[in-house]
Amino acid sequence: MDIKALYQEVILDHNRNPRNFGHLESPTAVANGYNPLCGDKITLYLQIDDNTISDVKFDGCGCAISTASASLMTQTLIGKSIEEAEDLFQRFTTALTDQKKNYPELGKLTVLEGVKEFPSRVKCATLAWHTLHQALARSEEAACTE
Ligand code: ZN
């Protein structure tokens, strides 16, 4: 099996059995994302304790790429600090829009990097991450006004 076939298998698996699919009863931050190009919708629920993401879930409906990306993202986020999560958001979105080089430091998220060969699908793969970015920004605001 070549590496692209393997990546495709991972994406299909996450689409069939999305990890952390559902919602949290009392999340500390929630955000909605919508990708009009494809019709993907996602709601992201975050539980942040002491600057650390202790739980995360998502629901919504979208194409295989958007669902797999959200699933992989939630797996990556648990236990990360807000700064680490923001850093990953920057690296992931840069990796998917930079045609010039590969980003080996993406770890298991690398399976989605092939999407950049299909510019119209990049927004599917980054939707969950933009939604995360929004949720984190909101949670910062909330912390400041308490
Ligand atoms: Zn899509």
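Trainee: How are the donor residues of the zinc ion spaced in sequence?
Mentor: This is a predicted model. Cys-38, Asp-40, Cys-63 and Cys-124 supply the protein donors. Read in sequence, the spacing is C-x1-D-x22-C-x60-C.

Trainee: Asp-40 and Cys-63 link distant parts of the chain; how many residues apart are they?
Mentor: Asp-40 sits in strand E2. Cys-63 sits in the loop between strand E3 (52–61) and helix H2 (64–77). The pair is 23 residues apart.

Trainee: At what distance from the zinc ion do the protein donors lie?
Mentor: The sulfur donors are the SG atoms of Cys-38, Cys-63 and Cys-124. Asp-40 is listed twice, each time through OD. The distances run from 2.2 to 2.6 Å.

Trainee: Is Asp-40 buried or exposed?
Mentor: The cut-off for buried is under 20% relative accessible area. Asp-40 has 1% relative accessibility. Asp-40 therefore counts as buried.

Trainee: And Cys-63, buried or exposed?
Mentor: Apply the cut-off of under 20% again. Cys-63 comes to 15% relative accessibility, so the class is buried.

Trainee: Which class does Cys-38 fall in?
Mentor: Its relative accessible area is 36%. Buried needs under 20%, exposed needs over 50%, and partly exposed lies in between. Cys-38 is therefore partly exposed.

Trainee: Cys-61 is in no disulfide; how far away is the nearest cysteine sulfur?
Mentor: A disulfide needs two cysteine sulfur atoms within 2.5 Å. By this rule the count is 0 disulfides. For Cys-61, the nearest cysteine sulfur is that of Cys-38, at 10 Å.

Trainee: Is Cys-61 itself buried or exposed?
Mentor: Exposed takes over 50% relative accessible area. Cys-61 has 51%, so the class is exposed.

Trainee: What is the strand order of the open sheet?
Mentor: The sheet has 3 strands, with antiparallel pairing. E1 and E3 each have a single partner strand, so both stand at the edges. The order is E1-E2-E3.

Trainee: By how much are neighbouring strands of this sheet turned against each other on average?
Mentor: Direction is ignored for this value. The average turn is 20°.

Trainee: How many bridges join E1 to E2?
Mentor: E1 spans residues 29–35, and E2 spans residues 40–49. The two run antiparallel. Val-30 has Tyr-45 as its bridge partner in E2, and Asn-35 has Asp-40, a zinc donor residue. The number of bridges is 7.

Trainee: Which residue in the hairpin of E1 and E2 takes a positive phi?
Mentor: The hairpin has 4 residues between the strands. The phi in question is near 90°. The residue is Gly-39.

Trainee: Which residues form the uncovered face of E1?
Mentor: The covered face holds Ala-29, Ala-31, Gly-33 and Asn-35. The uncovered one holds Val-30, Asn-32 and Tyr-34.

Trainee: What angle does the direction of H2 make with that of E3?
Mentor: H2 packs on the sheet. Its contacts there are with E2 and E3. The angle with E3 is about 165°.

Trainee: What pattern does the chain follow along the sequence?
Mentor: The chain has 4 helices and 3 strands. Read along the sequence, the pattern is α-β-β-β-α-α-α.

Trainee: What is the radius of gyration of the chain?
Mentor: With 146 residues, a compact globule would have a value near 15 Å. The chain agrees with that. Its radius of gyration is 15 Å.

Notes. Residues numbered from 1 in each chain as written. Predicted model: local features only at pLDDT ≥ 70, side-chain atom pairs only at ≥ 80, totals over all residues. Heavy atoms only, no water. Buried < 20%, exposed > 50% of the residue type's maximum accessible area, 1.4 Å probe, protein only. Pairing = 2+ DSSP bridges. Donors = N, O, S within 2.8 Å, 3.2 Å for Na, K, Ca; no water. Axes fitted to C-alpha atoms, helices over the stretch in contact; angles between N-to-C directions. Contact = heavy atoms within 4.5 Å. Rg over C-alpha atoms; globule rule 2.2 N^0.38 Å.
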